[in-house]
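Me: I am new to this structure and would like to go through it with you step by step. Could you start with whatever term I need before we look at any residue?

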Amino acid sequence: MHDIGNRMGFKVNQIGPVHPTVEGGYQAALALEGGDTTAIITYNDLIAVGIVLRFTADGVNVPGDVSVIGFDNTLIAPAVTPPITSILIPHAQLGQVAVRRLLLMMISPMILLRVFLWIPEMPFGIYVFACWRCTWEMTPETAGFGAHARGEKRDGHVGMVGWLRRARLVLREYASTLRVKEFRKHLAIYLLVQVTMDVFGQTFVFFVVHDWNHTAAFASLLLGCAAVSLPLMPVFGWAMTKIGPKRLYAINFIGWLGTVWLFAAWMLVGMLPEPWWTVFAVIGSLWFFAFKSLRGYLPWAVFPYIADIDQIVTRRYRSATFSGIQASFRQLGSGIATIAAGLVLGAVGFDATRAWQTTVAGIGLGAVLLGWFTVLPSRWSSAGLCPPISPSTSVRTASY
């Protein structure tokens, strides 16, 4: 207002501050009496009412001698004599404009991120479609269910005794898979990998927010770095056929450096300048998620060999049985690991509802996230649990 007044050739003075009430308007009017003021713009309508009432009582003509403008356009503005001109603020429209601009600010980087993720997803989708169209599948006749598929054989009433007998057979069948030595090795590695991944996924956002002191949106962006594994899947498959799973498991331990990288980013928070620290954290996350995906890829790539060799040895197709017990143990292991992680975090005083955590809680959170993911699979796999089965290895039946 001072700038506009100077440009237009009139003087602007400030009175106050006064209380935003009618009494505050009285005080402002007293300060203005006897001056050469010709127009007044007030903080709100109540001050304007106080000025008008005081001027009218003193014989000052409003708006003839002095113009008074209120603010907020409340119901009291037209109720006095003379009615007060008041400025209306379009709150709803301002809110709508603000939200639109915020959405544009949020959507723009998300569109770029989506395009970045879509580039590796497209060839991966083509690979999946090609596999779906070209992969051989067993017919009902080959699988031994031809009579059921043709409707020639139907199961009659089973009853409680029949269901119990079937349950016993299923449990015995599940237990029989654990007598396969290589499957026990594979199951141990699979459970360690998947359980630590589950704990990692549940605690990573908390780690970024409370240990790295960055936003949950930044944590979500880093989790999006997992897309780096999509174009690497063909490379994993090629390496699987060339060098076998055992050597690929050994190579996977290079990914341990990714965990060290995340730990280093934790130590450098506040020490490294912000742009460089962000670049450091993103590069470390890309490295970490690339090998994290390899760690998850290997058990699934090894699993078909076990079921196929079991079919050669036992003459029975039990892939679903192996998969069922694997899924059951995975759910049980993830539940136990989640409870254990919660107990550890509770013991160190971590509380996700608090904006700030104690130093002990931050260290405990980092130990749960980085310690479990590094130590457990490394210790067990390096102890000789890597399945020796590979495409170039002759079939060994001694384990059965």
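Reply: Helices here are DSSP runs of H or I with at least four residues, and they are numbered from the N terminus. Please also keep in mind that this is a predicted model.

Me: Okay, so where is Ile126 placed?

Reply: Ile126 lies in helix α4, which covers residues 91-134. On the surface, Ile126 belongs to a nonpolar patch that also takes in Met122, Phe124, Tyr127 and Val128, and together these residues have about 460 Å² of accessible area.

Me: Let's switch to the strands. Which side chains of strand β2 are buried, and which are not?

Reply: Within strand β2 (residues 67-71) the side chains alternate, with Val68 and Gly70 buried on one face, whereas Ser67, Ile69 and Phe71 point to the other face and are not buried. In a regular strand, side chains alternate between the two faces of the sheet.

Me: How many bridges pair β1 with β2, and in what sense?

Reply: Strand β1, made of residues 39-41, pairs with β2 over 3 bridges, and the sense is parallel. One of the residues to look for is Ile41, whose bridge partner in β2 is Ile69. Between the two strands the chain passes through helix α3 (residues 45-57), and this β-α-β crossover is right-handed.

Me: And which strand do 3 bridges join to β2 on a parallel run?

Reply: That is strand β3 (residues 85-87), which runs parallel to β2 and is joined to it by 3 bridges. Ile69 appears here again, as its bridge partner in β3 is Thr85.

Me: What is in the loop between β2 and β3, say for Ile76?

Reply: Ile76 has its place in that loop, and it counts as partly exposed because its relative accessible area is 30%, which lies between the limits of 20% for buried and 50% for exposed. Ile76 and Val49 are 27 residues apart in sequence, while their C-alpha atoms are 8.1 Å apart in space. The loop between β2 and β3 also contains Pro82, and a cis peptide bond joins Thr81 to Pro82, with omega at about -5°. Asp72 sits in this loop too, and although it is not a glycine, Asp72 has a positive phi of about 100°.

Me: What joins Gly16 and Pro17?

Reply: Gly16 and Pro17 are joined by a cis peptide bond, with omega at about 10°. Pro17 is found in the loop between α1 and α2.

Me: New topic: how many aromatic pairs does the structure hold?

Reply: There are 13 aromatic pairs in the structure. One of them is formed by Trp261 and Phe280, a tilted pair with 5.5 Å centre to centre and 50° between the planes. This pair links distant parts of the chain, since Trp261 is in helix α11 (residues 256-268) and Phe280 is in helix α12 (residues 274-314), 19 residues apart. Trp261 is partly exposed because its relative accessibility is 25%, and Phe280 is partly exposed at 22%.

Me: What about Phe288 and Phe289, what sort of aromatic pair do they form?

Reply: Phe288 and Phe289 form an edge-to-face pair, with 5.5 Å between the centres and 80° between the planes. Phe288 counts as buried because its relative accessible area is 2%, and Phe289 is buried at 3%. Elsewhere, Phe207, Trp212, Phe218, Phe263, Trp266 and Trp277 form one aromatic cluster.

Me: Last topic: how many salt bridges are there?

Reply: The structure holds 6 salt bridges. Among them, Asp58 and Arg54 meet through their side chains at 3.4 Å, N to O; Asp58 is partly exposed at 37% relative accessibility, and Arg54 is partly exposed at 31%.

Me: Are Arg318 and Glu173 buried or exposed?

Reply: Arg318 and Glu173 are both buried, and their side chains meet in a salt bridge of 3.0 Å, N to O. This salt bridge links distant parts of the chain, with Arg318 in the loop between α12 and α13 and Glu173 in helix α7 (residues 159-177), 145 residues apart.

Me: Which residue forms a salt bridge with Asp198?

Reply: Arg330 does, with the closest N and O atoms 3.0 Å apart. Asp198 is in helix α8 (residues 181-211) and Arg330 in helix α13, 132 residues apart, and both residues are buried. In addition, salt bridges that share partners join Glu173, Asp310, Arg316 and Arg318 into one network.

Conventions. Residues numbered from 1 in each chain as written. Predicted model: local features only at pLDDT ≥ 70, side-chain atom pairs only at ≥ 80, totals over all residues. Heavy atoms only, no water. Patch = residues over 30% accessible without salt bridge, like charges linked within 9 Å, V, L, I, M, F, W, Y side chains within 5 Å. Areas by Shrake-Rupley, 256 points an atom, 1.4 Å probe, with all protein chains shown as cover. Salt bridge = Lys/Arg side-chain N within 4 Å of Asp/Glu carboxyl O. Buried < 20%, exposed > 50% of the residue type's maximum accessible area, 1.4 Å probe, protein only. Pairing = 2+ DSSP bridges. Right-handed = clockwise from strand over helix to strand, strands pointing away. Phe/Tyr/Trp six-rings, centres within 6.5 Å; stacked < 30°, edge-to-face > 60°.
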